[in-house]
Amino acid sequence: MTTSTPSVFLDIGAHSGETLVVAQHRRWGFDHVHCFEPASSCVAALRRLVTDDSRVTIHPVALWDRAGELTLHGAGAVGASLFDDKPTPDRATVSETVPTV
C-alpha cells in the first residue's frame with residue numbers, strides 16, 4: 001500500500017486573500033491551505049472567500065517567537081508590521097492588539 005504525504009500551503013500574512021485565491025485552485029493540488037493573518041479586517045475578508053472549502057483553515061494570529069499579544073501597526077494595510085518604526089508609504093494609521101503564537 002502506498003500512502004502519499006499531504007501537500008500543505010502556508011500563507012503567512014494572508015492579508016485579504018490574494019494568494020489564497022490562487023492556492024485554492026485545484027490545479028496546484030494542495031490538500032490543506034493554512035492562512036495566518038492577525039488583522040481583524042483581513043480575517044473577515046478571508047472568511048468571505050472561504051465558504052465551502054474544507055481544505056482551508058484561517059488562523060487569526062501573528063506568528064512570533066512567543067505566545068502573547070502585540071500591537072499590529074497599519075492593521076489591514078499593505079505593509080502592516082509588528083514593528084512601529086517600519087517605514088512603509090501604504091501603512092494606515094490604524095493599530096490593533098493581536099494574538100501571537
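Here is a short chat about a predicted model, covering its sheet, its aromatic pairs and its largest pocket.

Visitor: Let's start with the sheet: what is the order of its strands?
Guide: It's an open sheet of three strands, and the pairing is parallel. The edge strands are β1 (8-12) and β3 (56-59), each of which pairs on one side only. From one strand to the next the twist averages 15 degrees. The order reads β1-β2-β3.

Visitor: How many bridges join β1 to β2?
Guide: Strand β2 covers residues 32-36 and runs parallel to β1. As an example of the register, L10 has H34 in β2 as its bridge partner. The number of bridges joining β1 to β2 is five.

Visitor: On to the rings: is the pair of F9 and F30 stacked, tilted or edge-to-face?
Guide: F9 and F30 make up one of two aromatic pairs in the structure. Their ring centres are 5.0 Å apart, and the planes sit at 50 degrees. Planes under 30 degrees apart would count as stacked and over 60 as edge-to-face, so the F9 and F30 pair is tilted.

Visitor: How many residues apart are F9 and F30?
Guide: F9 belongs to strand β1, while F30 is in the loop between α1 (18-23) and β2. The pair therefore links distant parts of the chain, and the separation is 21 residues.

Visitor: Is F30 buried or exposed?
Guide: The cut-off for buried is under 20% relative accessible area. F9 has 21%, so F9 counts as partly exposed. F30 has 18%, so F30 is buried.

Visitor: And W64 with F83, what kind of pair is that?
Guide: The ring centres of W64 and F83 are 5.8 Å apart. W64 lies in the loop between β3 and β4 (68-73), and F83 in the loop between β4 and β5 (95-100), so the pair ties together parts 19 residues apart in sequence. W64 itself is partly exposed, at 31% relative accessible area. With the planes of W64 and F83 at 50 degrees, the pair is tilted.

Visitor: What is the volume of the largest pocket?
Guide: The largest pocket is lined by 18 residues. Those that lie nearest its centre are G13, E37, P38, L72 and A80. Its volume is about 270 Å³.

Visitor: Which class do 13 residues of that lining belong to?
Guide: The lining of the largest pocket includes four polar residues and one charged residue. The class with 13 residues is nonpolar.

Terms used:
Residues are numbered from 1 along each chain as its sequence is written. This is a predicted model: local features need pLDDT of at least 70, side-chain atom pairs count only at pLDDT 80 or more; totals for chains, interfaces and linings use all residues. Side-chain values use heavy atoms; hydrogens and water are left out. On a 1 Å grid over the protein atoms alone, a cavity is a set of points where a 1.4 Å probe fits but cannot get out, and a pocket is an open set with protein on both sides within 12 Å along at least five of seven lines; lining residues have an atom within 4 Å of a point. Grid points are joined across faces, edges and corners, and a volume is the space filled by probe spheres set on the points. Ala, Val, Leu, Ile, Met, Phe, Trp, Tyr, Cys and Pro count as nonpolar, Asp, Glu, Lys and Arg as charged, and the others, Gly among them, as polar. Two strands pair if DSSP finds at least two bridges between them. Helices (H or I, at least four residues) and strands (E, at least two) are DSSP runs, numbered from the N terminus. Axes are lines fitted to C-alpha atoms, for helices over the stretch in contact, and angles run from 0 to 180 degrees between N-to-C directions. Rings of Phe, Tyr and Trp (its six-membered ring) pair if their centres lie within 6.5 Å; planes under 30 degrees apart count as stacked, over 60 as edge-to-face and the rest as tilted. Buried means under 20% relative accessible area, exposed over 50%, partly exposed in between (1.4 Å probe, protein chains only).
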